[in-house]
Amino acid sequence: MDKSELLKESIRSKYKSIRAFCLDTNIPYSTLVTAFDRGIEGMAYGTVIRICDKLELNPVDFTPLDHSKTISEQLMENKVMSYYTRLNRMGRQRILDDMQDYIELPKYVNKESCDA
């Protein structure tokens, strides 16, 4: 599902219609319809941020915000994933292998993650 579809589904899950969302956020209906038709890449950054803020979505990948994490934790996860996606298959496998090694060492593991 592309980003436009993710946004559309999120709006529809929280509002009766796209028009109702537009009225609530003061974003022109035509702006959203055009973005859904042509892709949100051409939409103004400020508009995307307003939409994501209202829908409680991460503006990077349009996933729901995890309110159990701080913003800095979420930003760090985004940074790690950004680096990871730059790697080729061999680099990704190396990172996963290294992470598995670190997880087995108690001094590198969060105590909270062990309880989960």
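This passage describes the surroundings of phenylalanine 62, the helix α4 and the packing of α1 with α3 in a predicted model. Local features require pLDDT of at least 70 and side-chain atom pairs pLDDT 80 or more, while totals for chains, interfaces and linings use all residues. Residues are numbered from 1 along each chain as its sequence is written, and side-chain values use heavy atoms, without hydrogens and water.

Phenylalanine 62 lies in the loop between α4 (45-55) and α5 (71-86), helices being DSSP runs of H or I with at least four residues, numbered from the N terminus. Its relative accessibility is 5%, so phenylalanine 62 counts as buried (under 20% relative accessible area with a 1.4 Å probe, protein chains only; exposed is over 50%). Beyond neighbours within four places in sequence, phenylalanine 62 is in contact with residues including Lys3, Leu6, Val48 and Cys52, contact meaning heavy atoms within 4.5 Å. The C-alpha atoms of phenylalanine 62 and cysteine 52 are 7.3 Å apart.

In α4, Thr47, Val48, Ile51, Cys52 and Leu55 are buried. Viewed down the axis of α4, these buried residues fall within an arc of 130° and therefore line one face of the helix; the arc is taken over directions from the helix axis to the C-beta atoms. Tyr45 and Asp53, on the other side of α4, are exposed. The buried residues of α4 pack against α1 (3-14), α2 (18-25) and α3 (29-38).

The axes of α1 and α3, lines fitted to C-alpha atoms over the stretch in contact, come within 8 Å and cross at roughly 135°. This contact is made by Ser4, Leu7, Lys8 and Ile11 of α1 with Leu32, Ala35 and Phe36 of α3.

Key:
Helix = DSSP H or I, 4+ residues; strand = E, 2+ residues; numbered from the N terminus. Axes fitted to C-alpha atoms, helices over the stretch in contact; angles between N-to-C directions.
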